[in-house]
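Got a model open and wondering what stands behind the labels people put on it? Let's go through some of them, one at a time.

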Amino acid sequence: MNTFYSKLKNALESSEGDIWVQTVLEGEHAGEKRLLINPAKDEMKSYESILGNHRIFRERIGRTPKLIICGAGHVSMPIIRMGKMLGFVVTVIEDRPKFADNARAAGADQVFCLPFQEGLADIPGDSDSWFVIVTRGHRYDTECLESILQKCYAYVGMMGSRRRTAIVKDQLEAKGISREVLDAVHTPIGLKIGAETPEEIAVSVMAEIIQVKNARSEEGGGKAGGYSDEMLACILGTGSNGVNVRKQNKILATIISRKGSAPRGTGTKMLILEDGTTIDTIGGGCIESEIIQKALLMMRTGKPDFQICTVDMTADQAEDEGMVCGGVVEVMLERI
């Protein structure tokens, strides 16, 4: 199993495209996993057809999302703060030292005080990279957009009036970039909510990014399952407490389906160690408590290595527990 997670870690670090994992849920091959990098739909379906009618859980494995902001003007500051709030690693590129300092003060994880083309050259891009262009002029917009469109990305949005963004697109089309690619850029950036202040504009930008992210799930891009850096390090025994972690049994819990209201979506993961320590969460409350107890029992008894548990949060139970949600979730438990 650790060989699989080593391959997964390498794929997350070295590939640009989407990463998928298929897990067999029933039958003699239950618990077996298959790693696919940027697969065609036929490639995923071929494996499923071999197994016949057995259920398979298919998930896109998301990297830590990266928000790359070109420009550090007054609108960028609330975008930086909201990006951090929403779990993005935020990088800012700005060629003016004073404005670059403002981005650092706003909490950006990384700030490149460089000409835009030079800063973007150091960012490889991948299917979990979200680019926001909010520079001070269309000359810089053109430089940024031309560079970004050569990369792999999840989203590109550019601020500016319709006239200004049209000029940028026309210039790049003249350089050979297809109109189809250019028209897919979100311009003017943000949802139409009548935003006026920098903070309101930031809300519209991040709301659009959330909308695009969730639409990827609905259109087959896959709800990105979560393996945090800490979780993978614990699974592989490479973290700061790796020696102690290696000696402990571990159970990985993954939500594989839900009906009705539930606190977390499919693909959400939690790692349970035999000392009761957990990494990440599948929603807290009675769901998490029940799953932790089942995982600890698996580790104490040594069996089974793989099982699917159903947690039924009926209206009566939700009321008794003081929860605001109900529904049914299936959770896959795997011994690591």
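Q: What kind of model is this?
A: It's a predicted one.

Q: Why is strand S7 called largely enclosed by the rest of the structure?
A: Take its five residues, 129-133: five of the five are buried, so the strand is largely enclosed by the rest of the structure. Buried here means under 20% relative accessible area.

Q: Which way do the side chains of S7 point?
A: Ser 129, Phe 131 and Ile 133 point one way, and Trp 130 and Val 132 the other way. That fits a general pattern. In a regular strand the side chains alternate between the two faces of the sheet.

Q: How do you know that S7 pairs with S4?
A: Two strands count as paired if there are at least two bridges between them. Strand S4 (residues 66-70) and S7 have five bridges, in the parallel sense, so by that cut-off they pair. Leu 67, for instance, stands opposite Trp 130 in S7.

Q: What makes S8 a partner of S7 as well?
A: The cut-off is at least two bridges, and S7 shares four with strand S8 (residues 155-158), again in the parallel sense. Here Trp 130 stands opposite Tyr 155 in S8. To get from S7 to S8 the chain crosses through helix H6 (residues 138-148), and this β-α-β crossover is right-handed.

Q: What about Val 134, in the loop between S7 and H6: buried or exposed?
A: Buried, because its relative accessibility is 8% and the limit is under 20%. The C-alpha atom of Val 134 is separated by 9.6 Å from that of His 74, which is 60 residues apart along the chain.

Q: Why is the contact between Asp 128 and Arg 60 called a salt bridge?
A: The rule asks for a side-chain nitrogen of Lys or Arg within 4 Å of a carboxyl oxygen of Asp or Glu. In this pair the closest N and O atoms are 3.5 Å apart, so the pair qualifies. Asp 128 lies in the loop between helix H5 (116-121) and S7, and Arg 60 in strand S3 (residues 56-62), so the salt bridge ties together parts that are 68 residues apart in sequence.

Q: Are the two partners, Asp 128 and Arg 60, buried or exposed?
A: Asp 128 has 5% relative accessibility and counts as buried. Arg 60, at 4%, counts as buried too.

Q: How many salt bridges does the rule give?
A: The count comes to 21. Another of them joins Arg 96 and Glu 94, at 2.8 Å from N to O. Glu 94 is buried, with a relative accessible area of 0%, whereas Arg 96 is partly exposed at 25%.

Q: What makes Glu 146 and Lys 175 a pair that ties parts together?
A: Their side chains meet in a salt bridge, 3.1 Å from N to O. Glu 146 lies in helix H6 and Lys 175 in the loop between helix H7 (162-174) and helix H8 (179-183), so the pair ties together parts that are 29 residues apart in sequence. Glu 146 is partly exposed at 21%. Lys 175 has 56% relative accessibility and counts as exposed, since the cut-off for that label is over 50%.

Q: What makes a network out of salt bridges?
A: Shared partners: they join Asp 18, Arg 60, Arg 63, Lys 66, Asp 126 and Asp 128 into one network.

Q: How do you know that the side chain of Ser 76 makes a polar contact?
A: The side chain reaches the backbone oxygen of Gly 71 at 2.7 Å, and the cut-off is within 3.5 Å. Ser 76 is found in helix H3 and counts as buried, at 1% relative accessibility.

Q: Why can Leu 86 belong to a surface patch?
A: Patch residues need over 30% relative accessible area, and Leu 86 is partly exposed at 41%. Met 85, Leu 86 and Ile 210 make a nonpolar surface patch of about 300 Å². Leu 86 sits in the loop between helix H3 (76-85) and strand S5 (89-93).

Q: Why are S12 and S13 called edge strands?
A: The open sheet has five strands in the order S12-S11-S10-S14-S13, with antiparallel pairing. Strand S12 (278-279) and strand S13 (306-313) each pair on one side only. S13 pairs with strand S14 (residues 327-335) over eight bridges, and Val 311 has Val 329 in S14 as its bridge partner.

How values were computed. Residues are numbered from 1 along each chain as its sequence is written. This is a predicted model: local features need pLDDT of at least 70, side-chain atom pairs count only at pLDDT 80 or more; totals for chains, interfaces and linings use all residues. Side-chain values use heavy atoms; hydrogens and water are left out. Buried means under 20% relative accessible area, exposed over 50%, partly exposed in between (1.4 Å probe, protein chains only). Helices (H or I, at least four residues) and strands (E, at least two) are DSSP runs, numbered from the N terminus. A crossover is right-handed if, with the strands pointing away from the viewer, the path from the first strand over the helix to the second runs clockwise. Patches are made of residues with over 30% relative accessible area and no salt bridge: like charges are joined within 9 Å, nonpolar side chains (Val, Leu, Ile, Met, Phe, Trp, Tyr) within 5 Å. Accessible areas come from the Shrake-Rupley method with a 1.4 Å probe; for residues, only the protein chains shown count as cover. A polar contact is a pair of N or O atoms within 3.5 Å; within protein, one must be able to donate a hydrogen and the other to accept it, and residues adjacent in sequence count only if both atoms are side-chain atoms.
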